[in-house]
Amino acid sequence: MLAAIFNGPLDLEIKDYTLPSPGNNELLIQVEACGVCGTDFHIYNGESYAKTPVITGHEYVGTIVEKGRDVKDFSIGDHIAVDPNIYCGECYYCKNGNINFCSNLKALGVSVNGGFAEYSLVPVSQAHYIPKDFSFTAAAFAEPLSCCIRGMDQASVKHGESVVLIGGGTIGLLMLQLVKISGAGKIILIEPVAEKRNIAISLGAEYVFDPNDGSMFKQISDLTSGGPDVVIECAGNSKAAELAVSLPKRGGRVIIFGLSSKKETININLQDFFLKELSIKGSLLNPFTFSRSVELLVNKKINADKLKPSLSPLADLKNILSSPRKSTIIKHQITNTKLKRSSL
Ligand SMILES: [Zn+2]
Ligand SMILES: [Zn+2]
């Protein structure tokens, strides 16, 4: 089978790889679609951890082509979405219900071979059933959406609260839809690219701002009686995080959701922090949120089609990871070239 092998920073080879066969509790799937995540760019550039060599790609869906002898709940031909994060169940954190902090965490596409390949081995514990009439390209948003649900659990937005989202990429636009479902009052999104601001409006943002607009801060303050209740940073850089902590009203809450590169730090005005009694939280992975994510997608509560993924064959992955990120493409997906666009 063809696979993308990550050998180290800036070193990715698309080459033939031995087709694995499933162990007793594993599934072999034909990968139909695998999203290219910001994390994949960080890994490729050496800014985020991955084992080497490894097949990266952690946002994927596929069709079961072979199964281990102990697998009871899935059949050959079933479509599944893959939760890449494999928790040990035995460490201190797992035993206390905080599985996303697992000391022995493994992740498909990071420390174990993942989805940038024609086929992938998936432990049955990581497989989530997707109805056959649901599109693969929409289902491939299940992983990023499951992480966004964690972010929303961390933010616990109350009905009527004002929310500012920073960043209108995949995460910002998924989070925006979750914020809308949550019953937020005013929903404001900050994003420098006009096309993305327009998509945000079509998905329910009432106000959008270009961060380069000098009057943005004052306008948001006026719209929200002194600042929003909640700010969710979805851009993954220090500038966005600094903006996030500066925006809320007194008693406000900030979720730093985006993954920044290793060296980035931010400045916080400590007196401002004290006087506002600010809450700042992170959001890591997707503990117990994957089924909820699939449920929202399959029941069309989240519109993944509006995010219009740009579909490419596996052979183009290196090109995608090494060229400057095009601001107008929200999401790249690597898809099975044997399938027609209409059946993806
Ligand atoms: Zn991801
Ligand atoms: Zn553990």
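Me: Is Y92 buried or exposed?
Reply: This is a predicted model in which local features need pLDDT of at least 70 and side-chain atom pairs count only at pLDDT 80 or more, while totals for chains, interfaces and linings use all residues. Residues are numbered from 1 along each chain as its sequence is written, chains are lettered from A and ligands numbered from 1 in the order in which they are written, and side-chain values use heavy atoms, with hydrogens and water left out. Buried means under 20% relative accessible area, exposed over 50% and partly exposed in between, for a 1.4 Å probe and protein chains only. Since the relative accessible area of Y92 is 60%, this residue counts as exposed.

Me: How are the rings of Y92 and Y93 arranged as a pair?
Reply: Rings of Phe, Tyr and Trp (its six-membered ring) pair if their centres lie within 6.5 Å, and planes under 30 degrees apart count as stacked, over 60 as edge-to-face and the rest as tilted. The centres of the Y92 and Y93 rings are 5.3 Å apart and their planes stand at 80°, so the pair is edge-to-face.

Me: Which residues form the aromatic cluster?
Reply: Y93, itself partly exposed at a relative accessible area of 34%, also pairs edge-to-face with F101, at 5.7 Å centre to centre and 75° between the planes. F101 is partly exposed too, with a relative accessible area of 39%. The one cluster is therefore made of Y92, Y93 and F101.

Me: What arrangement do the four donor atoms around the zinc ion (ligand 2) make?
Reply: Donors are N, O and S atoms within 2.8 Å of the metal (3.2 Å for Na, K and Ca), and because water is not among the atoms, sites may look incomplete. For ligand 2 the protein donors are the SG atoms of C88, C91, C94 and C102, lying 2.3 to 2.4 Å from the zinc ion. Four donors count as tetrahedral if all angles lie between 85 and 135 degrees; four count as square planar and six as octahedral if opposite donors are over 155 degrees apart and all others between 65 and 115, and anything else is irregular. The angles here run from 102 to 119°, so the arrangement is tetrahedral.

Me: How many residues apart are C37 and H58?
Reply: The zinc ion (ligand 1) is coordinated by C37 (SG), H58 (NE2) and E59 (OE), at 2.1 to 2.4 Å, and both C37 and H58 are buried. Helices (H or I, at least four residues) and strands (E, at least two) are DSSP runs, numbered from the N terminus. C37 sits in the loop between β3 (26-36) and α1 (38-44) and H58 in the loop between β4 (54-55) and β5 (59-67), so that the pair links distant parts of the chain, and the spacing is 21 residues.

Me: Which are the edge strands of the sheet of six strands?
Reply: Two strands pair if DSSP finds at least two bridges between them. The six strands form an open sheet with parallel pairing, in the order β13-β12-β11-β14-β15-β16. Each edge strand pairs on one side only, and these are β13 (207-209) and β16 (279-282).

Me: Which residue in β4 is the bridge partner of I5?
Reply: An open sheet of three strands has the order β2-β1-β4, with antiparallel pairing. Within that sheet, β1 (residues 2-8) and β4 pair over two bridges. The partner of I5 in β4 is I55.
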